Amino acid sequence: MAKEETPAEGEAPQKKKGKLLLIILIVVGVIVLAGGGIAAWLLMTAPDKSKQAGAHGEEEGGEEEAHEDEHPPVYEKLEQFTVNLADQESYLQTEIQLMVADAKVQEKIKARMPEVRDAMIRLLSSKTAEELNQPDGKDKLAAEIQQQMNHLLGIKKESQGVKKVLFGALIIQ
């Protein structure tokens with residue numbers, strides 16, 4: 001009979017372990033659900049806060065910043081350009097991407113691509129290696145490209161046309 005009592009005593013600790021494990025699982029489940037609920041709530045309310053900040057920025061003249069938050073940036077990658085530079089001793093090879101205000105501007109660029117390529121070749125080939133190697137040479141070139149593209153597209157405000165010029169590669173030899 002002593003043997004029969006031993007298994008009964010062994011079951012009691014297992015029942016306690018099973019109940020303890022069940023309680024721990026329930027507590028962990030509640031914590032996970034609560035954390036998920038809080039995360040979902042924060043993610044759903046975050047756009048409202050950015051809209052309020054955008055509206056506040058518009059009152060202070062930050063209209064351009066609020067407009068940028070409305071959609072992700074749109075880029076138009078131009079083909080690679082290889083041109084002789086004006087000094088006739090060097091050439092330039094470059095890859096350029098244009099950050100534009102919206103998809104409408106991107107479509108305008110695509111529709112006028114032969115004119116865009118011609119303008120880029122003429123502008124790039126008018127530069128010398130010395131000009132481009134200046135500390136601010138690439139920045140000046142980017143500004144000139146931006147101005148040229150907006151002029152070509154008939155856009156007066158840069159916030160409505162080509163906003164930024166990005167170089168993927170720029171090799172001078």
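## Overall architecture

A residue counts as buried when its relative accessible area is under 20%, as exposed when it is over 50%, and as partly exposed in between. By this rule Asp136, at 34% relative accessibility, counts as partly exposed. The structure described here is a predicted model.

The protein chain contains 6 helices and 4 strands. Read from the N terminus, these elements follow the order α-α-β-β-β-α-α-α-α-β. Of the chain's 173 residues, 25% are buried. The accessible surface of the protein chain comes to about 12,400 Å², and carbon and sulfur atoms contribute 56% of that area. Among contacts with a separation of 6 or more, 67% are made by residues 24 or more positions apart.

## Helix H4

Helix H4 comprises 13 residues, 113-125. At 1.5 Å a residue the helix should span 18 Å, and its end C-alpha atoms are indeed 18 Å apart, so the two values agree.

Which residues of H4 are buried? They are Met113, Val116, Ala119, Met120, Leu123 and Leu124. Viewed down the axis of H4, these buried residues fall within an arc of 125°, and therefore they line one face of the helix. An α-helix has 3.6 residues a turn, so residues three or four places apart point the same way. On the other side of H4, Pro114 and Arg122 are exposed. The cover over the buried residues of H4 includes strands S1 (74-77), S2 (81-84) and S3 (91-100), together with helices H3 (103-111) and H6 (137-153).

## Helix H6

Helix H6 has 17 residues and reaches 24 Å from its first C-alpha to its last, close to the 24 Å expected at 1.5 Å a residue. Its buried residues are Gly137, Leu141, Ala142, Ile145, Gln146, Met149, Asn150, Leu152 and Leu153.

These buried residues of H6 pack against S3, H3, H4, H5 and strand S4 (162-172). H6 thus appears among the elements covering the buried residues of H4, and H4 among those against which the buried residues of H6 pack. Just after H6, Gly154 adopts a positive phi of about 75°.

## The S2–S3 hairpin

Strands S2 and S3 run antiparallel and are joined by 4 bridges. One residue of S2 illustrates the pairing: the bridge partner of Phe81 is Thr94 in S3. The side chains of S2 alternate along the strand. Phe81 and Val83 point to one face and are buried, whereas Thr82 and Asn84 point to the other face and are not buried.

The hairpin has 6 residues between its strands, and Gln88 lies in this loop. What is the phi of Gln88? The angle is near 60°, a positive value in a residue other than glycine. Most residues other than glycine have a negative phi. Gln88 has a relative accessible area of 65% and is therefore exposed, the cut-off being over 50%.

## Salt bridges

Side chains of opposite charge can pair when their charged atoms come close. The count for this model comes to 5 salt bridges, and three of them are described here, beginning with Arg112 and Glu115, whose side chains meet at 2.9 Å, N to O. Arg112 is partly exposed, at 28% relative accessibility, and Glu115 is likewise partly exposed, at 38%.

A further salt bridge joins the side chains of Glu144 and Lys127 at 2.7 Å, N to O. Glu144 lies in helix H6 and Lys127 in the loop between H4 and helix H5 (129-133), so the pair ties together parts that are 17 residues apart in sequence. Are these two residues buried or partly exposed? Glu144 is partly exposed, with a relative accessible area of 28%, while Lys127 counts as buried because its relative accessibility is 11%.

Asp136 also forms a salt bridge, its partner being Lys140, with the closest N and O atoms 3.6 Å apart. Asp136 counts as partly exposed at 34% relative accessibility, and Lys140 is partly exposed with a relative accessible area of 48%.

Conventions:
Residues are numbered from 1 along each chain as its sequence is written. This is a predicted model: local features need pLDDT of at least 70, side-chain atom pairs count only at pLDDT 80 or more; totals for chains, interfaces and linings use all residues. Side-chain values use heavy atoms; hydrogens and water are left out. Helices (H or I, at least four residues) and strands (E, at least two) are DSSP runs, numbered from the N terminus. The expected span of a helix is 1.5 Å times one less than its number of residues. Buried means under 20% relative accessible area, exposed over 50%, partly exposed in between (1.4 Å probe, protein chains only). The arc is that of the directions from the helix axis to the C-beta atoms. Contact means heavy atoms within 4.5 Å. Accessible areas come from the Shrake-Rupley method with a 1.4 Å probe; for residues, only the protein chains shown count as cover. Two strands pair if DSSP finds at least two bridges between them. A salt bridge is a side-chain nitrogen of Lys or Arg within 4 Å of a carboxyl oxygen of Asp or Glu.
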